[in-house]
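Welcome to this short tour of a protein model. Take a moment to look at the sequence and the structure before reading on.

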Amino acid sequence: PAIPGAGVSDDAAQAPASAPRIVVQTDVLRAEIDPVGGNLVEIELLEYDYSHKERDRNVVLLDNAPGRFFVAQTGLVSEAGAVPDHTARFNSPRTRYVLPAGAAKLEVPLTWQQEGVTVTKTWTFARASYRIGLEQRIDNARTAPLAVNAYAQLQREAPPGKTSFTDPNSYSFRGAAWWSPEERFEKTPFDEYTEEPLERTITGGWAALLQHHFVAALIPPSDEAFAYSTAEVRNAGTPPRYLIRTLGPTQTIAPAGSATLPLEFYIGPKLQDVLGGVAPGLNLTVDYGLVTVLAEPLYWLLSKIHKVVGNWGWSIVILTILIKLAFYKLTEAQFRSSARMRKFQPRLAALKERYGDDKEKLNRAMVELYQKEKINPMGGCLPVLVTIPVFIALYWVLIESVELRHAPWILWIDSLTDRDPYFVLPVLNGLAMYATMKLTPTAPGLDPLQAKMFQMMPVVMSVMFAFFPAGLVLYWTVNGVLGLIQQYVITRRIDAADAKR
């Protein structure tokens, strides 16, 4: 069956309704339903402020305003007669619904009637939940059977593009995603939407549109096969819109018979301890990318610590200490190697002076010295190679986990997912790096220019970290300070041992 709006924007779906919108409010969201189509055209998340600087505004996830168009549309199609699609006009007994105190759920019915067919859309909202149910009940008073297909679609304009290299929104995935038991989690970004459009029949899956921290997902019944598809919707003079849709199997309703077609949406934050219980694989919309294998256990451990201490900043500090303890033996070997290398700097300098510009003889002499004294000049590299993936994984945990969004730490740090407003942590990190370099021998073979560039690293890293999320800089600073203390203690022990010989 043909569905309106498959390739051209359907203006009726965004035109002003001839009746007021239906406003629905629960404890966690405020929704607006347009009588035209009976569609969800606005979802305001009452527990999520727009930004840490604009806490008087809430995140509005769904919105049919030009430039922010993002709606959830549902309807029916049939080749046997008129049925309401997502542009049909529905009637509602009320224009405002509020979840009563103590009530677990709130139902909002809308009715369409024509040519002996009555369709009742009932939206169901639950307390403390972003799961929204929909039932379309079809009553057939005709003398002939009625064959219908139910469909649902999410349609939106792409969110704003990359603003700066420091903006986490610029790196978080934005586009369509879907899940099937066979292929598992798949996705396509908005800028690749037309390259390989989705056309597949899936049983037990879901479809979604993703953005930073938030997701809108439609979840058909898991025991029926639905046709999944994507499309780029264009209309002259307006930005392109991106659509993902599910179309259900044909349901035949006998004369004087009825049928109820269920569907569920999840429209809200990517809460990692909730999504997995909504639908299989929905937790994968928290997209850590290539470092998922590290990021997921890091978040799991971080969340367990948070349940105990109740502060995400202190949780990061404790997590850093635990990571440092896990790699203690590895870093101890690194620092012992560095301490021994520092003692051999005078002998290395003598070799350089003896062989001058003859690099071949110099390298041969240095290798002989390393072998004789059992020194591994690369011994300090392995711990760095280990900590870099952890650093990258924690970066993705901090920018992708909505649980940490705008979470305060102490004093001046009022948002761990935004930069340090006074650059205290980046400066402390630079000082820790500088002190560590003073305890670390200069790598052999560096010319004066390379040595100067190496010495500039604390300044370069401080400037770079000045624009990173404060939570990430907190991890790196604590990690650096702990490493400095460990290196100082090991160096003192080696010096004391040598003094006794």
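How many of the twelve residues of strand 19 are buried? Nine of them are, so to speak, under cover, and strand 19 is mostly covered. Here buried means under 20% relative accessible area, exposed means over 50%, and partly exposed lies in between, using a 1.4 Å probe and protein chains only. Strands are DSSP runs of E with at least two residues, helices are runs of H or I with at least four, and both are numbered from the N terminus.

**How far to trust the model**

This is a predicted model, in which local features need pLDDT of at least 70 and side-chain atom pairs count only at pLDDT 80 or more, while totals for chains, interfaces and linings use all residues. Residues are numbered from 1 along each chain as its sequence is written, and side-chain values use heavy atoms, with hydrogens and water left out. The predictor's confidence in each residue, pLDDT, runs from 0 to 100. The protein averages a pLDDT of 83, and 79% of the residues score at least 70. Over residues 6–17, pLDDT stays under 50. Where pLDDT is low, the predicted coordinates should not be read in detail.

**The sheet around strand 19**

Strand 19 belongs to an open sheet of eight strands with antiparallel pairing, in the order 7-8-9-19-15-14-11-12. Strand 7 (105–114) and strand 12 stand at the edges with a single partner strand each, so one side of each has no neighbour in the sheet. From one strand to the next, the twist averages 20 degrees, an angle between N-to-C directions on a scale from 0 to 180 degrees, with axes fitted to C-alpha atoms.

Two strands pair if DSSP finds at least two bridges between them. Strand 9 (residues 131–140) and strand 19 (residues 258–269) are joined in the antiparallel sense over nine bridges. Along this pairing, Arg131 stands opposite Tyr266 of strand 19, and Arg137 has Thr260 of strand 19 as its bridge partner. Strand 15 (residues 214–219) also pairs with strand 19 in the antiparallel sense, over six bridges. There, Leu218 has Phe265 of strand 19 as its bridge partner.

**Salt bridges**

A salt bridge is a side-chain nitrogen of Lys or Arg within 4 Å of a carboxyl oxygen of Asp or Glu. By this rule the count is 14, and the table shows some of them.

| Pair | Closest N to O |
|---|---|
| Arg21 and Glu42 | 3.9 Å |
| Arg137 and Asp139 | 3.1 Å |
| Glu186 and Arg200 | 2.5 Å |

The Glu186 and Arg200 pair links distant parts of the chain, with Glu186 in strand 12 (residues 184–189) and Arg200 in strand 13 (residues 199–203), 14 residues apart. Arg200 is partly exposed at 28% relative accessibility. Salt bridges that share partners also join Arg21, Arg30, Glu32 and Glu42 into one network.

Arg21 and Glu42 form a salt bridge. Arg21 lies in the segment before strand 1 (22–25) and Glu42 in strand 3 (residues 39–51), so the pair ties together parts that are 21 residues apart in sequence. Arg21 is partly exposed at 27% relative accessibility, whereas Glu42 is buried at 14%.

**One face of a helix**

In helix 10 (residues 457–465), Pro458, Met461, Ser462 and Phe465 are buried. Seen down the axis of helix 10, its buried residues fall within an arc of 100 degrees, so they line one face of the helix. The arc is that of the directions from the helix axis to the C-beta atoms.

How values were computed: Contact = heavy atoms within 4.5 Å.
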